Amino acid sequence: MTVPEGNIGRVLVGSAELATRVRELGAQITEDYAGRSPLLVGVLKGAFVFMSDLAREIRLPVEMDFMAVSSYGVSTKSSGVVRIVKDLDVDIAGRDVLLVEDIVDSGSTLRYLLRLLAERKPASLEVCALLVRAGARTDDIAYVGFSIPDDFVVGYGLDVAEHYRELSSISVFEPANSASLPP
Ligand code: PRP
């Protein structure tokens, strides 16, 4: 895929701030899940960097699995119509499931996944989201890293056209023209 036209703009959350917050989230999860072995479910692809760091800050024997989903089409994203591209490998019945997301934007992916996973009868089902859009509903999200403004952000797992996931900070992407941004 070609590199999107535009620039990496200001840093919204720097790598040190990310590390501190991830450590705090890991400590809180360690306390909340004491005596249990949560199953971390990462939503690909964006969550892989956050989940990798988070897992290493949880002082419990965690297990990990991943799902990949995609919306049926850009125009339907907010409708909550989501398709499973890769399902879980494990049965979650009776498990303490912690869904790990990089960003909750419209919330439609999260709503769909929570409904789907709840039907599989986990012992518990909670959400840990690194980023949540300011103003988004957070009642379903037990662990929030940062609330962020409505900028297009990249880095630490987040991409624009599959680029910049590897950046260690989260920055604003400034497109050369608005047509370079996914709607
Ligand atoms: C992002 C993010 C969430 C979803 C959130 O994934 O990882 O899964 O969008 O958006 P929503 O709240 O509006 O539903 P994306 O579709 O960009 O795929 P990626 O993780 O592979 O980059």
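Leaving out neighbours within four places in sequence, Leu54 is in contact with Val22, Leu25, Gly26, Ile29, Val100 and Cys128. These contacts belong to a predicted model, and they offer a way into its nonpolar interior.

Leu54 is, together with Phe50, Leu131 and Ile170, among the residues with the most contacts inside the largest nonpolar core, which has 28 residues. At least two residues of this core are supplied by each of α1 (15-32), α2 (48-55), β5 (96-104), β6 (124-133) and β7 (143-148), and the largest share, five residues, comes from α2. Apart from this core lies another one, of 21 residues, including Met67, Val104, Tyr112 and Leu113. In soluble globular proteins, nonpolar side chains tend to be buried together.

Charged side chains make up the second part of the picture, for a search of the whole structure finds 16 salt bridges. Three of them are listed here with the distance between N and O atoms.

| Salt bridge | N to O distance |
|---|---|
| Arg56 and Asp53 | 2.9 Å |
| Arg59 and Glu57 | 3.4 Å |
| Arg95 and Glu63 | 3.4 Å |

The pair of Arg95 and Glu63 links distant parts of the chain, since Arg95 sits in the loop between β4 (82-86) and β5 while Glu63 belongs to strand β3 (residues 63-71), 32 residues apart. Arg95 counts as buried because its relative accessible area is 18%, under the 20% cut-off, whereas Glu63 is partly exposed at 38%. Elsewhere, salt bridges that share partners join Lys45, Asp159, Glu162 and Arg165 into one network.

In the other two pairs, Arg56 is exposed, with 54% relative accessibility, and its partner Asp53 is partly exposed at 26%, while Arg59 is exposed at 59%.

Notes: Residues numbered from 1 in each chain as written. Predicted model: local features only at pLDDT ≥ 70, side-chain atom pairs only at ≥ 80, totals over all residues. Heavy atoms only, no water. Core = buried A, V, L, I, M, F, W, Y, C linked by side-chain atoms within 4.5 Å. Buried < 20%, exposed > 50% of the residue type's maximum accessible area, 1.4 Å probe, protein only. Helix = DSSP H or I, 4+ residues; strand = E, 2+ residues; numbered from the N terminus. Contact = heavy atoms within 4.5 Å. Salt bridge = Lys/Arg side-chain N within 4 Å of Asp/Glu carboxyl O.
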